[in-house]
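Colleague: Please take a close look at a single part of this model, the contact between its two domains. I would like a connected account with the criteria stated.

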Amino acid sequence: MSETTILKNGWVFDIDTETFVKKDVYIVGGNLVSMVEADVANPVEIDVEGSYVAPGFIDMHVHVFETKTTLGINADRVGIEQGVTTIVDAGSSGLEDFQDFKQMIIQPSQTEVLSFLNISKQGLCKGLSELADMNDLMSVQELTEILAKEKNIVGLKARMSASVVKDNGIKPLEHARKLADESNLPIMVHIGNAPPEITEVLPLLKKGDIVTHAFHGKKGGILNNKGKLIQEAHEAIERGVLFDVGHGTSSFSYQTMKAFKENYHYPFSTSTDIYIGNYDKPVGSLMTTMSKLLAIGYCLEELVASVTSRPKQALGLAEQGSLEPGTRADVTVFKVVEQRQTLIDSQGEGMIVDRMIVPQLTIRDGKVVFESNEY
Ligand SMILES: [Zn+2]
């Protein structure tokens, strides 16, 4: 029998009740197991008293194609080293570069790297106006062929803002709709500066699709000037479209998030849109982004769900995002420390936060792959 590891005395997150319960977590080989299945006679014990134990965090929006895009950052730097066991690269790679993405990034990384494949065959490898020419979009047949071979593609990415689509307006998203319907994959849509208008974008989305940069502070967002959801956004959420933070350089506003929180209780997911240019500021990490939301008033349970069970459901992941016995042992151990500092959003607005969520221990496939001695 392989070695048993016990994480002892932590506050363990339960995704069904969205609560923390004081208990031990058992790992045998690469899997989580129940106490009865564990060889408790001779275990390796790790005392995590004072820490929280959660399913490995999932960041649904990162850019880690460091070898072929100018914006890419190292996967493990924003993955396991920041307490994130699964990252989803959001459209850095399209069809043309996916084999390189697989060999250069997915395979050598300790962090699990999944992909929202860009609907443009070029992805972000040849500039950032990848949807300016409709001839660059992949066909249904091309998508079907790559999906038959590649297990790490979990969705499609369509960046719908003026600088990306140029004169094409809503057309690329109509094509994405076709691709998604044929493949049964979710679309992650990036919203930004119009055109296309958000009122054209949202009606094309179905249950399971994801809107990233949902809480940006630009004109033409999900909220009207009274802080209420515009009709199309309201209907999208009601149909089961998931709104995602996707912080990024210019896509997260405290004002928008606060107004949303004040008026609504809809679940959302938290992601970073982290890349080389925003790693220092304003994004920092997934846990730093969560710390901002904590300071806005969201509770820790809600925030942990927003990086575990919600991405799990959105991406249809079987192994990740829970601590269910029998599933892969990807675990994030973190602390909430008293630490007063000013954190800025993408509008440059500063907010004083008193508590920071910080990584302690990252376990991937049952192995400790990162340990922090800072706190
Ligand atoms: Zn992005």
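Modeller: In this predicted model, the C-alpha centres of domain 1 and domain 2 lie 25 Å apart. The domain bounds, which come from an automatic or database domain assignment, give residues 4–54 + 325–371 to domain 1 and 56–315 to domain 2. Residues are numbered from 1 along each chain as its sequence is written, and side-chain values use heavy atoms, without hydrogens and water. As the model is predicted, local features need pLDDT of at least 70 and side-chain atom pairs count only at pLDDT 80 or more, whereas totals for chains, interfaces and linings use all residues.

Domain 1 brings 32 residues to the contact and domain 2 brings 40, where contact means heavy atoms within 4.5 Å. Between the two domains about 2,900 Å² is buried, with 65% of this area given by carbon and sulfur atoms; buried area is the accessible area (1.4 Å probe) that two parts lose on being put together, summed over both. On the side of domain 1, S346, M351 and I357 supply 21% of the area buried against domain 2, more than any other three residues.

Polar interactions also cross this interface: 17 residue pairs, both at pLDDT 80 or more, are in polar contact. Such a contact is a pair of N or O atoms within 3.5 Å; within protein, one must be able to donate a hydrogen and the other to accept it, and residues adjacent in sequence count only if both atoms are side-chain atoms.

The strands that each supply at least two residues to the domain 1 side are β2 (19–28), β5 (52–55), β14 (331–344), β15 (350–364) and β16 (367–371). Of these, β15 gives the most, with 11 residues. Strands here are DSSP runs (E, at least two residues), numbered from the N terminus. By class, the domain 1 side holds 19 nonpolar, 6 polar and 7 charged residues; Ala, Val, Leu, Ile, Met, Phe, Trp, Tyr, Cys and Pro count as nonpolar, Asp, Glu, Lys and Arg as charged, and the others, Gly among them, as polar.

Salt bridges between domain 1 and domain 2 number 2, against a count of 18 in the whole structure. The criterion is a side-chain nitrogen of Lys or Arg within 4 Å of a carboxyl oxygen of Asp or Glu. R310 pairs in this way with E18, their closest N and O atoms being 3.9 Å apart.

Methods. Helices (H or I, at least four residues) and strands (E, at least two) are DSSP runs, numbered from the N terminus.
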